[in-house]
Amino acid sequence: MNSPVRRAAVLGSPIAHSLSPALHHAAYAALGLDGWHYDRIEAGEQDLAGFVAGLGPEWAGLSLTMPLKRVLLDVADRVDPAAAAIGAGNTLVLGPEGGVAYNTDVAGIAESLRGAGAGTGRAVVLGAGGTAQAALAALQELRVDHVDVLVRDTGRAAALRGTAERLGVAPGIHGVLTDPVAAATLLEGADIVVSTLPAGAADPLAGARWRPGTVLLDAVYAPWPTVVAGGAAASGATIVSGLEMLLLQAVAQVRLMTGRPGPVAAMREALDAAVAARS
């Protein structure tokens with residue numbers, strides 16, 4: 001089926017490693033959107049406003065990765081209430097009336113955890129950045145009983161506290177990530193753990209007393225498995241790679257940009273192929 005030329009792209013810095021083009025192109029092919037194209041574009045915070053202002057009517061949307069997730073809210077003409085509550089977005093949907101900012105990381109996290117069998121109970125989030133803020137919203141959606149957030153310095157968690165206040169949740173925030181023993185103690189008995197830390201940062205927690213049945217979502221996906229994922233798996237925890245989160249947030253982006261359901265199977269196959277090609 002022929003379709004008009006439409007453009008989309010992922011922006012961030014660095015961006016060369018992004019797997020988003022493989023996901024979105026697979027979606028376009030499966031949906032018969034042969035006129036659609038998706039690119040990678042290197043852009044920093046200072047570049048985003050000018051780039052968006054120069055886009056033509058052929059542009060359907062943008063995916064935003066670091067360091068653009070917070071500045072997106074300032075550039076958008078309108079902000080979805082969920083993205084506003086989180087304080088960060090990763091998707092700009094473009095139309096005749098301007099750009100609307102969304103946060104599909106929430107869907108990516110929530111659906112990844114649901115798919116792994118996670119339910120209610122106590123959750124622990126590692127980290128305080130934009131992905132951790134999205135994790136708070138996802139865990140609220142899952143109706144978990146309580147959330148503890150482990151950070152390096154509670155004095156630098158102002159953005160996270162703001163997100164919690166806007167969401168109407170009251171997580172415990174603990175400055176223990178520099179003390180692996182104290183951090184491991186707080187991990188004990190957790191039903192869900194979401195690590196938003198960069199590669200290697202959670203390695204000291206691999207030897208924590210992971211409860212069999214705990215669901216660990218590690219946002220890192222390269223290299224994989226991470227040290228902490230390997231340690232948790234050895235204790236019987238259920239492990240979810242950041243690739244699952246990446247896939248499912250992209251599925252939500254495709255729906256927002258094209259108006260059609262994201263073809264999960266085709267996108268998963270393309271993601272697996274892209275990862276294999278890099279290994």
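A crossing of two helices is called left-handed if the near helix is turned anticlockwise from the far one by less than a right angle, and right-handed if it is turned clockwise. The model examined here is predicted, so that local features need pLDDT of at least 70 and side-chain atom pairs count only at pLDDT 80 or more, while totals for chains, interfaces and linings use all residues. Residues are numbered from 1 along each chain as its sequence is written, and side-chain values use heavy atoms, with hydrogens and water left out.

Helices (H or I, at least four residues) and strands (E, at least two) are DSSP runs, numbered from the N terminus. Helix α6 (residues 130-141) and helix α7, which spans residues 158-167, make a right-handed crossing. Their axes, lines fitted to C-alpha atoms over the stretch in contact, with angles running from 0 to 180 degrees between N-to-C directions, lie 9 Å apart at an angle of about 25°. The two helices are therefore roughly parallel to each other, since angles under 35 degrees count as roughly parallel, over 145 as roughly antiparallel, 65 to 115 as roughly perpendicular and the rest as oblique. In their contact (heavy atoms within 4.5 Å), A132, Q133, L136, A137 and Q140 of α6 meet A159, L160, T163, A164 and L167 of α7.

Helix α7 also belongs to a right-handed β-α-β unit, together with β8 and β9; right-handed means here that, with the strands pointing away from the viewer, the path from the first strand over the helix to the second runs clockwise. Strands of a sheet pair through backbone hydrogen bonds, either parallel or antiparallel. Strands β8 (residues 146-151) and β9 (residues 172-175) pair in the parallel sense over four bridges, where pairing requires that DSSP finds at least two bridges between two strands, and V151 stands opposite G175 in β9.

Elsewhere, six strands form an open sheet with mixed pairing, in the order β2-β1-β3-β5-β6-β4. Its edge strands, each pairing on one side only, are β2 (36-42) and β4 (78-79). Within this sheet, β3 (residues 59-64) and β5 (residues 91-95) pair in the antiparallel sense over three bridges, and S63 has T91 in β5 as its bridge partner. Helix α1 (residues 20-31) packs on the sheet, where α1 touches β1 (6-12), β2 and β3. Helix α2 (residues 45-53) packs on the sheet as well, touching β1, β2, β3 and β5.

Helix α1 packs in addition with helix α10 (residues 242-258), at an angle of about 50° and with their axes 10 Å apart, which makes α1 oblique to α10.
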